[in-house]
Amino acid sequence: MSQRGETQLVLLWRDPEVGYVYWELVGEVRPREAWARLVRIHADERYEELERWRIEEALSGRFVRVDQGRERYRAELGVVGPDGSFDIHISSEVSEAPGRGPGQGAPRFVRVRLSERGLGWEPTEHAHPTLGRFLPGVGERPGSTTHGSEQTKRGDELHRGNA
């Protein structure tokens, strides 16, 4: 990961249809010459350019739209040649846009609460349109690996009403 003061390009997701491309240019790429583009990377590793725009000095980012969640995307920064070719100077990491629903990767859901004691959770049931009902989660919960056991303990206490 680049540090501030180095040229960098980052692609972040707001939701399944909108991402945000952030750039910081230092030295080798001048803003007046720089272009950026968003590409979709297909399963066979070929890419499809979705959008191309000129970098403006006053801006450091731009929202981009995509039409498919759960696809892989990458932002690229470079210069455009006289023939329209795109010479890549730097690219973001490949990033998968989030899906529109929980899908197969969501076996359980938890309700999250913020209190004066901090962030806590409690198990909850959820009905998925095609997979049926998810029962309240048990066992390890997703979250910070540093505070995982504390989250489990707090969540169990909240669920039992002991918090």
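Mentor: Two residues are in contact when heavy atoms lie within 4.5 Å of each other. The model is predicted, so local features need pLDDT of at least 70 and side-chain atom pairs count only at pLDDT 80 or more, while totals for chains, interfaces and linings use all residues. Residues are numbered from 1 along each chain as its sequence is written, and side-chain values use heavy atoms, with hydrogens and water left out.

Trainee: Leaving aside neighbours within four places in sequence, with which residues is Val-26 in contact?

Mentor: Val-26 sits in the loop between β2 and β3; helices (H or I, at least four residues) and strands (E, at least two) are DSSP runs, numbered from the N terminus. Thr-7 is 19 residues away from Val-26 along the chain, yet their C-alpha atoms are separated by 5.0 Å. With neighbours within four places set aside, the contacts of Val-26 are Gly-5, Glu-6 and Thr-7.

Trainee: What does Val-26 count as, at 34% relative accessibility?

Mentor: A residue is buried under 20% relative accessible area, exposed over 50% and partly exposed in between, with a 1.4 Å probe and protein chains only. Because its relative accessibility is 34%, Val-26 counts as partly exposed.

Trainee: Which residues have the most contacts inside the largest nonpolar core?

Mentor: A nonpolar core is a set of buried Ala, Val, Leu, Ile, Met, Phe, Trp, Tyr and Cys residues joined through side-chain atoms within 4.5 Å. The largest such core has 17 residues, and those with the most contacts inside it are Val-21 and Trp-53.

Trainee: Which strands each supply at least two residues of this core?

Mentor: The core in question is the largest one, with 17 residues. At least two of its residues come from each of β1 (8–13), β2 (18–24), β3 (35–41) and β6 (72–80).

Trainee: What is the distance, centre to centre, between the rings of Trp-23 and Trp-53?

Mentor: Rings of Phe, Tyr and Trp (its six-membered ring) pair if their centres lie within 6.5 Å; planes under 30 degrees apart count as stacked, over 60 as edge-to-face and the rest as tilted. By this rule there are 3 aromatic pairs. Trp-23 and Trp-53 form a tilted pair, with 40° between the planes and a centre-to-centre distance of 6.4 Å.

Trainee: How many residues apart are Trp-23 and Trp-53, and are they buried or exposed?

Mentor: Trp-23 and Trp-53 are both buried. Trp-23 lies in strand β2 and Trp-53 in strand β4 (residues 47–54), so the pair links distant parts of the chain. Their separation in sequence is 30 residues.

Trainee: Which residues join into one network through salt bridges that share partners?

Mentor: A salt bridge is a side-chain nitrogen of Lys or Arg within 4 Å of a carboxyl oxygen of Asp or Glu, and the whole structure has 10 of them. One of these connects Glu-49 and Arg-52, with the closest N and O atoms 3.0 Å apart. Glu-49, at 33% relative accessibility, is partly exposed, as is Arg-52 at 29%. Shared partners create one network of Arg-37, Glu-49, Arg-52, Arg-74 and Glu-76.

Trainee: Which residue forms a salt bridge with Asp-44?

Mentor: Asp-44 is exposed, with a relative accessible area of 52%. Its partner is partly exposed, at 47%. The two side chains meet at 3.1 Å, N to O, and the partner of Asp-44 is Arg-46.

Trainee: What is the phi of Glu-45?

Mentor: Most residues other than glycine have a negative phi, and most peptide bonds are trans. Glu-45 lies in the loop between β3 and β4 and is exposed, at 53% relative accessibility. Although Glu-45 is not a glycine, its phi is positive, at about 70°.

Trainee: Where in the protein chain is confidence lowest?

Mentor: pLDDT is the predictor's confidence in each residue, from 0 to 100, and its mean over the protein chain is 75. Where pLDDT is low, the predicted coordinates should not be read in detail. Over residues 137–152, pLDDT stays under 50. Confidence is highest in β3, at a mean of 96, and lowest, at a mean of 48, in helix α1 (residues 148–160).
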